[in-house]
Amino acid sequence: MSDEPTNFLYPFIDAEEDRNDGAAASLLADLAASARAKAAESLALRRSTLEANAGPLAAAAAEMARRFAAGGRMFTFGNGGSCTDSTTLARLFARPPMGRPLPAWSLTADQAVMTALGNDVGFELVFARQLIARAKAGDIAIAMSTSGGSPNLLAALAEARRRGLYTIGFAGYNGGAFVDNPNVDACFVVRSQSVHRIQEAQALLGYQLWLSVHERSGDSGLGAA
């Protein structure tokens, strides 16, 4: 099994294929222990991330609530797995499980627009050009990333800043180019070297941001989290 392309993920699965019952039981025990360790690591990271970002989250939620109340809208964007996460975040605001819907769109949702812009003007501008066409002063732009360094996200944040949007960046590792960036009003950093753990923690940050915005909007439709 050493030739399997995913073998590096589970180095303990390196036994002969014809295992006896004892070896199989040992393998299952190792798998269970690995799963428990990853769950514990994820839980600890999510807790520490919420604590470390409590101040920026509160400030961002207050500003977002103010902008939504004034008619602002939210635009989210990201690449790869962060594309999925940004779409999930926009959907949470626009079609929440409880409480009042808020105007939010994912800039990755329209395949025709994404592919047209990628083909005609270049992938680096697929989000910036959409903001030029759709956004206005008073809106909100949220870029989700694990590295905090994607050129198309940085270009979109710069464009959002020029147009008077409130800008938020989600990043992992040490925050990358999102940290101390004049085009990023609020930056939430998940300090981990694992893409999996980063995205798990970012999902919780996004949920907490949504909840905090609704609380600051005086939404009585929300129950206890």
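Tutor: A residue is called buried when its relative accessible area is under 20%, exposed when the value is over 50%, and partly exposed in between. The model discussed here is predicted. Buried residues make up 42% of its 225 residues.

Student: What makes strand E4 count as mostly covered?

Tutor: E4 spans residues 166–172, and 7 of its 7 residues are buried. Each of these residues therefore falls under the 20% cut-off. Tyr166, Ile168, Phe170 and Gly172 point one way from the strand, whereas Thr167, Gly169 and Ala171 point the other way, and all are buried.

Student: Which strands pair with E4, and how do you know that they are paired?

Tutor: Strand E3, residues 140–144, pairs with E4 over 5 bridges in the parallel sense. Another 5 bridges join E4 to strand E5, residues 186–190, and these two strands also run parallel. Pairing requires at least two bridges, so 5 bridges satisfy the rule in each case. Among the residues involved, Ala141 stands opposite Thr167 of E4. On the E5 side, Ala186 is the bridge partner of Ile168, and Cys187 is that of Gly169.

Student: Through which helix does the chain cross from E3 to E4, and what is the handedness of the crossover?

Tutor: The path from E3 to E4 passes through helix H6, residues 151–162, and this β-α-β crossover is right-handed. The name means that, with the strands pointing away from the viewer, the path over the helix runs clockwise.

Student: Why is E5 described as largely enclosed?

Tutor: The description applies because 4 of the 5 residues of E5 are buried. Val190 is found in this strand. Its relative accessible area is 0%, which is under 20%, so Val190 is called buried. The C-alpha atom of Val190 is separated by 7.6 Å from that of Gly175, a residue 15 positions away along the chain.

Student: Why is the contact of Arg73 with Asp139 called a salt bridge?

Tutor: In general, side chains of opposite charge can pair when their charged atoms come close. The rule used here asks for a side-chain nitrogen of Lys or Arg within 4 Å of a carboxyl oxygen of Asp or Glu. For Arg73 and Asp139 the N to O distance is 2.7 Å, so the pair qualifies. The two residues come from distant parts of the chain, 66 residues apart: Arg73 lies in the loop between helix H2 (54–69) and strand E1 (74–78), and Asp139 lies in the loop between H5 and E3. Both Arg73 and Asp139 are buried.

Student: With which lysine does Asp139 form a salt bridge, and how do the two residues rank in accessibility class?

Tutor: The lysine is Lys136, and the closest N and O atoms are 3.5 Å apart. This distance lies within 4 Å, so the contact counts as a salt bridge. Lys136 has a relative accessible area of 38%, between 20% and 50%, and is therefore partly exposed. Asp139, at 0%, is buried.

Student: How do you know that Asp185 and Arg161 form a salt bridge, and are they buried or partly exposed?

Tutor: The closest N and O atoms of Asp185 and Arg161 are 3.0 Å apart, so the 4 Å limit is met. Asp185 belongs to the loop between E4 and E5 and Arg161 to helix H6, 24 residues apart, and the pair links distant parts of the chain. The relative accessibility of Asp185 is 30%, and that of Arg161 is 37%. Both values lie between 20% and 50%, so both residues are partly exposed.

Student: How many salt bridges does the rule give, and which residues form a network?

Tutor: The count comes to 8 salt bridges. Glu63, Arg66 and Arg67 are linked in a network of such contacts.

Student: What lines the largest pocket, and what is its volume?

Tutor: Its volume is about 180 Å³. The lining consists of 13 residues, of which Ala90, Ala104, Trp105, Ser106 and Ala109 lie nearest the centre. Helix H3 (81–94), strand E2 (104–106) and helix H5 (128–134) are the elements that give two or more residues to this lining. H3 supplies the largest share, 4 residues. By class, the lining divides into 6 nonpolar, 3 polar and 4 charged residues.

Technical notes
Residues are numbered from 1 along each chain as its sequence is written. This is a predicted model: local features need pLDDT of at least 70, side-chain atom pairs count only at pLDDT 80 or more; totals for chains, interfaces and linings use all residues. Side-chain values use heavy atoms; hydrogens and water are left out. On a 1 Å grid over the protein atoms alone, a cavity is a set of points where a 1.4 Å probe fits but cannot get out, and a pocket is an open set with protein on both sides within 12 Å along at least five of seven lines; lining residues have an atom within 4 Å of a point. Grid points are joined across faces, edges and corners, and a volume is the space filled by probe spheres set on the points. Ala, Val, Leu, Ile, Met, Phe, Trp, Tyr, Cys and Pro count as nonpolar, Asp, Glu, Lys and Arg as charged, and the others, Gly among them, as polar. Buried means under 20% relative accessible area, exposed over 50%, partly exposed in between (1.4 Å probe, protein chains only).
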